[in-house]
Amino acid sequence: QGQIDGRKKVTEAGHAEGGHIFIQLWHVGRISHPDHLGGALPLAPSAINPHQKSFTPEGFKETVTPRAMTEADIQRTIADFAQATVNALEAGFDGVEIHGAHDYVLCEFLSPATNRREDRYGGSPENRARLVHEIIDGIRARCRADFQVGLRLSPERYGLRLAEMLALSEQVMLGGQLEYLDVSLWDASKEPEEEGFAGQSLMGLFPALERG
């Protein structure tokens, strides 16, 4: 409740100036560190160490091998995103953005390089995207019709496949449950890294999708 009350001061100040304000919802997955978790291992779709640096209260430390999420962990995560949205509503935010980019947990599920699961959340592109869809559904079930929801995705890197990310982007836009899609391009003029898309631009590929 203290977090909600503190953020009310922020949203009230923004609204007083005629603004609108959103909050971004994160689950950083394997990029976290036991120092943040009371010594417990970070959670991820599969037990694969990203070999990156994680920022801790004592400064940057090497990441560790995470614990592969159980089905119960996944369902708890879906519920946590929904509850975070309820908290955001109470705090006065006008919308939330689901962070599914940058090797955080949703990106880890989407990538075949970091998702080696053999259950309904792994394997096919549809299975690897299941968690994203279920989180969107869970959030929409708990918020008002006028509350805005966005999704942030990485189109490439982190083992992601651009064709899959284009297909997912079109699906979530046509699904009618999002107000916007935030594609993290890093450089608006950048060409795709995959050979099959050489000579094109990332900025051109996404606006060409059906958006509903």
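A nonpolar core is a set of buried Ala, Val, Leu, Ile, Met, Phe, Trp, Tyr and Cys residues joined through side-chain atoms within 4.5 Å. The model here is predicted, and its largest such core has 46 residues. Seven members touch the most others: I98, L110, L131, I135, I139, V149 and L151. Several elements feed this core. Helices α2, α3, α5, α6 and α7 (202–205) each supply at least two residues, and so do strands β6 and β7. In soluble globular proteins, nonpolar side chains tend to be buried together.

Start with helix α5, residues 130–140. Its buried residues are L131, V132, I135, I136, G138, I139 and R140. An α-helix has 3.6 residues a turn, so residues three or four places apart point the same way. The buried residues of α5 pack against three strands: β1 (22–25), β6 (95–100) and β7 (148–153). They also pack against three helices, α2 (71–91), α3 (105–110) and α6 (162–174).

Now move to V149, one of the core members with the most core contacts. Beyond four places in sequence, V149 touches V96 and I98. I139, R140 and C143 are also among its contacts. So is a run further along the chain: Q177, L178, E179 and Y180.

Next comes the loop between β6 and α3. H102 is found there, and D103 takes its place in that loop too. Outside its local neighbours in sequence, H102 is in contact with C107, R152, S154, Y158, S184 and W186. One of these partners is also a polar one: the side chains of H102 and S184 are joined by a polar contact of 2.8 Å. H102 and E156 are 54 residues apart along the chain, yet their C-alpha atoms are separated by 9.5 Å.

Backbone angles deserve a look here. Most residues other than glycine have a negative phi, and most peptide bonds are trans. D103 has a positive phi, near 65°. D103 is buried, because its relative accessible area is 2% and the cut-off is under 20%. Y158, in the loop between β7 and α6, also has a positive phi, near 60°. Its relative accessible area is 23%, so Y158 counts as partly exposed.

D103 leads on to R30, since the contacts of R30 beyond four places in sequence include D103. R30 lies in the loop between β1 and β2 (43–44). Is R30 buried or exposed? It is buried, with a relative accessible area of 8%. Its other contacts include P42, L43 and A44, then I48, N49 and P50. T63, P66, E108 and T114 are on the list as well. A polar atom of the R30 side chain lies 3.0 Å from the backbone oxygen of I48.

Aromatic rings come last. The model holds four aromatic pairs. One of them joins W26 and Y104, with ring centres 5.3 Å apart and planes at 40°, so the pair is tilted. This pair links distant parts of the chain: W26 sits in the loop between β1 and β2, Y104 in the loop between β6 and α3, 78 residues apart. Y104 is buried, at a relative accessible area of 16%. Another pair is F55 with F60. Their ring centres are 5.1 Å apart and their planes stand at 70°, so this pair is edge-to-face. Both F55 and F60 are exposed.

Key:
Residues numbered from 1 in each chain as written. Predicted model: local features only at pLDDT ≥ 70, side-chain atom pairs only at ≥ 80, totals over all residues. Heavy atoms only, no water. Buried < 20%, exposed > 50% of the residue type's maximum accessible area, 1.4 Å probe, protein only. Helix = DSSP H or I, 4+ residues; strand = E, 2+ residues; numbered from the N terminus. Contact = heavy atoms within 4.5 Å. Polar contact = N/O pair within 3.5 Å; in protein donor to acceptor, adjacent residues only side chain to side chain. Phe/Tyr/Trp six-rings, centres within 6.5 Å; stacked < 30°, edge-to-face > 60°.
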